[in-house]
Amino acid sequence: MILTKLTPSPIYFLPLQVRQGTDQRSIELWNEFRQTAERFERQRVASESGMAFLFSEGALVDALRTGKWYEPTSASLVLLDEINLASSETLQRLCGLLDNETGSITLTEKGDAEAVERHPDFRLFAAMNPATDAGKKDLPASIRSRFTELYVDELIDPNQLRFVASRYLDGAVVTNG
């Protein structure tokens with residue numbers, strides 16, 4: 001039972017059989033319920049502002065949880081393409097992931113108060129074009145220094161272009177001649 005109208009913060013009551021310690025699984029289930037109720041309460045309070053939305057976890061959070069960063073049959077590869085064009089707010093949210101090998105993020109938009117547990121196999125890739133291109137900007141040094149940087153020169157040689165295209169299109173392009 002949750003009381004919210006009589007007190008400034010919710011009060012939780014456990015059923016008598018759980019308080020008497022009938023079994024550990026019941027206590028775990030009630031703790032899960034308590035966490036869900038607390039998340040709901042944070043969302044309820046936030047929705048009083050008149051703006052409500054549904055948060056849906058994407059590929060980044062899925063890869064963070066499961067460590068699946070390359071699976072040809074799914075969208076588990078996390079590539080932040082044109083990362084230098086991301087807003088400063090988005091880049092700021094990524095900082096926690098890039099701090100160290102255990103860095104993570106907290107989904108405050110979802111109402112969570114704890115960070116997403118990072119799988120040890122999680123990997124994050126990013127790509128960008130040089131800021132010399134029209135409309136491009138440099139990636140801030142504070143973010144750029146957190147990546148291992150590889151420079152790939154522009155492909156001009158027709159044979160190299162065919163090779164890359166054939167690999168990308170999985171043999172759909174003729175590479176002879």
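## Helices and basis of the model

Helices are DSSP runs of H or I with at least four residues, numbered from the N terminus. This is a predicted model, in which local features need pLDDT of at least 70, side-chain atom pairs count only at pLDDT 80 or more, and totals for chains, interfaces and linings use all residues. Residues are numbered from 1 along each chain as its sequence is written, and side-chain values use heavy atoms, with hydrogens and water left out.

## The aromatic pair in H2

There is one aromatic pair in the structure (ring centres within 6.5 Å, taking the six-membered ring of Trp). Trp30 and Phe33 make this pair, with 5.4 Å between centres and 85° between planes, an edge-to-face arrangement (planes over 60 degrees apart). Both residues belong to helix H2 (residues 24-47) and sit three residues apart, about one turn of the helix.

Trp30 is partly exposed at 27% relative accessible area, and Phe33 is also partly exposed, at 39% (partly exposed lies between buried, under 20%, and exposed, over 50%, with a 1.4 Å probe and protein chains only).

## Helix H3 and its buried side

Val61, Ala63 and Leu64 are buried in helix H3 (residues 59-66). They span an arc of only 165° around the axis, so they are on the same side of H3 (the arc uses directions from the helix axis to the C-beta atoms). The buried residues of H3 pack against helix H4 (88-98). Gly67 follows H3 and has a positive phi, near 80°.

## Around Leu91

Beyond its neighbours within four places in sequence, Leu91 is in contact with Ile83, Ala86, Leu139, Pro140 and Ile143 (contact means heavy atoms within 4.5 Å).

Conventions:
Phe/Tyr/Trp six-rings, centres within 6.5 Å; stacked < 30°, edge-to-face > 60°. Helix = DSSP H or I, 4+ residues; strand = E, 2+ residues; numbered from the N terminus.
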